[in-house]
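Visitor: I would like a close look at a single part of this model, please.

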Amino acid sequence: MPDSDSFTIEPSSSGRMLCGGCVPDGVCRLGVEPRDGMWFDVTCPRHWQGGPGVAHGGWIAAAFDDVLNTAALRTEPRMVTKSLSVEYLRPVPVDRKLAVLARIERHEGREWTVSARMTLGADTLATAHAELRTRRPDHYSRHEHWLAGLPLPTNEN
Ligand SMILES: CCCCCCCC/C=C\CCCCCCCC(=O)SCCNC(=O)CCNC(=O)[C@H](O)C(C)(C)COP(=O)(O)OP(=O)(O)OC[C@H]1O[C@@H](n2cnc3c(N)ncnc32)[C@H](O)[C@@H]1OP(=O)(O)O
């Protein structure tokens with residue numbers, strides 16, 4: 001069986017680092033694009049619409065998760081999210097380029113505290129705070145070992 005912890009992150013042809021689900025498409029399907037430094041351009045695709053013309057809150061959380069990890073991945077190539085909290089301050093329009101500015105608040109050993117702000121023009125639409133962890137070297141193999149030990153589902157489940 002291939003070692004699930006030995007995968008390396010390769011930039012796509014656009015230079016963007018992509019999660020496993022987006023690698024086949026070569027683009028970030030969440031609509032997150034790194035800009036300069038800790039700035040990111042984010043655009044909510046219309047298929048993530050919640051209310052009319054506005055983003056589903058789950059997309060906003062996912063976009064923050066991606067931005068915050070991508071910011072930390074510049075220093076540490078193995079990250080995982082431990083907690084994420086989002087404040088939804090205003091509805092977020094779909095199909096509009098928004099700006100997100102990330103910030104590393106604290107980094108000590110495996111522990112990271114990070115935050116970000118999503119804006120359109122001068123207005124803040126949402127903010128996020130997260131705790132990240134540097135992944136332990138056996139993170140995925142340990143997960144697979146745990147999963148393999150579970151009973152297989154039956155038709156009654
Ligand atoms: C999705 C991955 C992407 C990879 C990146 C690739 C491409 C990058 C390219 C483009 C950039 C885009 C980037 C986007 C990235 C998105 C990031 C995510 O959304 S990550 C997904 C959501 N998060 C989780 O799935 C964490 C699940 N939680 C945990 O694994 C643990 O709770 C953890 C590591 C957060 C705990 O960290 P502690 O520092 O607080 O504590 P400790 O000592 O490590 O573990 C404590 C206990 O947690 C369990 N635990 C920890 N790790 C485990 C594991 N691997 N399997 C099973 N249980 C585990 C065990 O019970 C352990 O206790 P005992 O050591 O047994 O006493």
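Visitor: How do the residues of the shell around the ligand divide into nonpolar, polar and charged? And which element gives the most to that shell?

Guide: This is a predicted model: local features need pLDDT of at least 70, side-chain atom pairs count only at pLDDT 80 or more, and totals for chains, interfaces and linings use all residues. Residues are numbered from 1 along each chain as its sequence is written.

The shell holds 7 nonpolar, 5 polar (Gly included) and 7 charged (Asp, Glu, Lys, Arg) residues. In total, 19 residues surround the ligand (backbone-placed C-beta within 6 Å of it). Met 17, Asn 69, Thr 81, Lys 82 and Arg 142 are the closest. Helix 1 (57-73), strand 3 (79-88) and helix 2 (139-148) each give two or more residues. Helix 1 gives the most, 5.

So look at helix 1. It has 17 residues and spans 24 Å from first C-alpha to last, close to the expected 24 Å (1.5 Å times one less than its number of residues). Of those 17 residues, 12 are buried (20 or more other C-beta atoms within 10 Å), so the rest of the structure largely encloses helix 1. Asn 69, from the ligand shell, is among the buried ones. The cover includes strand 1 (32-34), strand 2 (39-43), strand 3, strand 4 (97-108), strand 5 (111-120) and strand 6 (123-134).

Now the largest nonpolar core (buried nonpolar residues, Pro excluded, joined through C-beta atoms within 7 Å). Among its 30 residues, Val 67 and Leu 68 touch the most other members. Helix 1 supplies the largest share, 8 residues. Beyond four places in sequence, Val 67 contacts (C-beta atoms within 7 Å) Val 32, Phe 40, Val 100, Ala 102 and Ala 116.

Definitions and conventions
Helix = DSSP H or I, 4+ residues; strand = E, 2+ residues; numbered from the N terminus. Contact = placed C-beta atoms within 7 Å.
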